[in-house]
Amino acid sequence: MSTAELDIGREALLSLVAKLTMSVFGFIGVIIFARVLGSAGVGRYYFALAVAISLVRVPAGIAKAIQKRVSEVDKSPEEFLAVGLIAHIVYLGVVGILAFLLAPYLPLEEVATEEILGILLVLGSVGLFQILNKLYAGIGNPGASLWFDTLRSVFTLGFQLALLWIGMEAFGLLVGLAAATVLTAGMVAFTSGVRPSVPTRETIRSTGEFARWSVPTAMVGDLYKRADPILIGIFAGASAVGFYETAIRLVLPASQLAASISNPLHVKSSGRSSLGEDVYNDVANAMSYAGLFAIPIFFGALAIPDVLMRTFYGKEFGNAGIALVGIALFYIFYTYQIPLEAAISGTDKPELVFRVKLVGLVGFVPLGIGLAKFYGFPGVIAATLVSELLMFLVYQYICHDVFDQVVLPKPIGAQIVSGVIMFTLLTYVEKLLLLDTWVPVISLVGIGAIVYFTVLSIMSSHFRLTARSVFSPLVRQVEQIT
């Protein structure tokens, strides 16, 4: 089947289940890490991880270019895989040499050598996985590629818990991540069946043409994301970084559906645009449900912020509720950017995505520093909210130019109304319950979810129709199997 004919609904459903499963394992890990290492220990691990993932953005940008090219109709993936592997090996070698040459001249602690090694292991393994998995997605398997990422999360948690148990602490968490990633990368390579072949000059040129924008986009985007914990660490300390990182993982499911939709949307947009076909309807449908989870998560966080943080992470995190609310709010605007970025990039306009990311970073840094000096932790979150709103508006401006109209479909309004009704009910029911253990808190969260989706189903015929069209084929397949 051509990528231009990809079933976005089916692939998005596969991706969503994979991402939610991934989130569950990741969330379990964060809870355990927080309780074993404390806020400062968790902050130290995530600081090292932030450095590693920032370095990964170069091979990740190359992987994005490879996904774009192999998703175009009538492109052979073998040569593109070779380009990606060669580029990653060269990059890893350069970074490794520089790291150990510069280490003696930096004010590092005694464990710095171990941490540098852990960072390089994560860089090498995750970069390799990105290239292999993006290629696998680009040849028509965006949903299945996310299941490999989910499997990686399962392996990662197992390895990390074992190494944490024997006392390796933050370094063990890095090694566990690297080991699980290498194992999963081998599985992706075997399943895809793609073997590298000597690339032609045209293949290198085609990859480089896209990568010259996708690589700096990945780097700027990552620097923007990492700027939050960096500024929080500078102006509020390691414990505040721990509060931020744990809160953001509680909100992470808000973006899961949008991310699940964006991967197949990017592949299909690439296929259709390579044939000169229009992609607006696919983009509008993706935007209709990008915030389906983000909206209720924000209103739920607004209703019981401190309770959620205290219940999941312990009493030490009970005062981080304000962080949870702020993060949940800016995640709404972030979530709606994801499908727009995928579609614009898929139509071979990566330079536009780069410019939006650069606008966000340039706007955030001075504002974040200024607000952090006066307001500390909350000031950084406020600056992020302003930047996310700004980037969302810029994306809409670009959509008006690329697609001849902004992309704000009506179903979003019904979701907001459903979220407000859910919030109203939660604030009332909260007063009737003693929220001091997991059972009543989880029950209250479940009640909120039921109310939100019930009201949405009643209000939105578009939601009912979409749910039937996505789930009906799955139900028929299950019936055939049983």
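This is a short conversation about how to read a few features of a predicted model.

Visitor: Where should I start, and how many helices and strands does the protein have?

Guide: Welcome! Start with the overall make-up, and keep in mind that the model is predicted. The protein has 17 helices and zero strands. Of its 482 residues, 54% count as buried.

Visitor: What share of the contacts join residues at least 24 apart in sequence?

Guide: Taking contacts between residues at least 6 apart in sequence, 83% join residues at least 24 apart.

Visitor: Let's zoom in on a helix. What span should α16 have, and how far apart are its ends?

Guide: The idea is to count 1.5 Å a residue and then compare. For the 22 residues of α16 the expected span is 32 Å, and the end C-alpha atoms are 32 Å apart, so the two values agree. You can try the same check on helix α14, residues 377–402. Its 26 residues should span 38 Å, and its end C-alpha atoms are 38 Å apart, which agrees too.

Visitor: Which residues of α16 are buried?

Guide: First, the general idea: an α-helix has 3.6 residues a turn, so residues three or four places apart point the same way. In this structure, the buried residues of α16 are Pro440, Val441, Leu444, Gly448, Val451, Tyr452, Val455 and Leu456. They cover an arc of only 140° around the axis, which means that they sit on the same side of α16. On the other side of α16, Val439, Ile450 and Ile458 are exposed.

Visitor: How do the axes of α15 and α16 cross?

Guide: Look at the distance, the angle and the handedness. The axes of α15 (residues 411–430) and α16 (residues 438–459) come within 8 Å and cross at roughly 145°. The crossing is right-handed. On the α15 side, the residues making the contact include Ala414, Val417, Ile421 and Leu425; on the α16 side, they include Leu444, Val451, Tyr452 and Val455. By class, this contact has 15 nonpolar, four polar and one charged residues.

Visitor: Now for single residues. Is Ser262 buried or exposed?

Guide: Here we look at relative accessible area, where buried means under 20%. Ser262 has 12%, so Ser262 is buried. Ser262 lies in helix α8, residues 256–274. Leaving aside neighbours within four places in sequence, Ser262 is in contact with Ile338, Pro339 and Ala342.

Visitor: What about Ala382, and how far in space is Ala382 from Gly368?

Guide: Ala382 lies in helix α14 and counts as partly exposed, at 32% relative accessibility. Ala382 and Gly368 are 14 residues apart in sequence, and their C-alpha atoms are 7.9 Å apart in space. For another pair, try Ala99, which is in helix α2 (residues 77–102) and is partly exposed at 22%. The C-alpha atoms of Ala99 and Leu117, 18 residues apart along the chain, are separated by 9.2 Å.

Visitor: One last feature: what is the phi of Asp348, and where does Asp348 lie?

Guide: Phi is a backbone angle to check for its sign. Asp348 has a phi near 70°, a positive value in a residue other than glycine. Asp348 lies in the loop between α12 (321–346) and α13 (350–375), and counts as partly exposed at 35% relative accessibility. Asp404 has a positive phi of about 70° although it is not a glycine. Asp404 comes just after α14, in the loop between α14 and α15, and counts as exposed at 64%.

Definitions and conventions:
Residues are numbered from 1 along each chain as its sequence is written. This is a predicted model: local features need pLDDT of at least 70, side-chain atom pairs count only at pLDDT 80 or more; totals for chains, interfaces and linings use all residues. Side-chain values use heavy atoms; hydrogens and water are left out. Axes are lines fitted to C-alpha atoms, for helices over the stretch in contact, and angles run from 0 to 180 degrees between N-to-C directions. Helices (H or I, at least four residues) and strands (E, at least two) are DSSP runs, numbered from the N terminus. A crossing is left-handed if the near helix is turned anticlockwise from the far one by less than a right angle, and right-handed if clockwise. Contact means heavy atoms within 4.5 Å. Ala, Val, Leu, Ile, Met, Phe, Trp, Tyr, Cys and Pro count as nonpolar, Asp, Glu, Lys and Arg as charged, and the others, Gly among them, as polar. The expected span of a helix is 1.5 Å times one less than its number of residues. Buried means under 20% relative accessible area, exposed over 50%, partly exposed in between (1.4 Å probe, protein chains only). The arc is that of the directions from the helix axis to the C-beta atoms.
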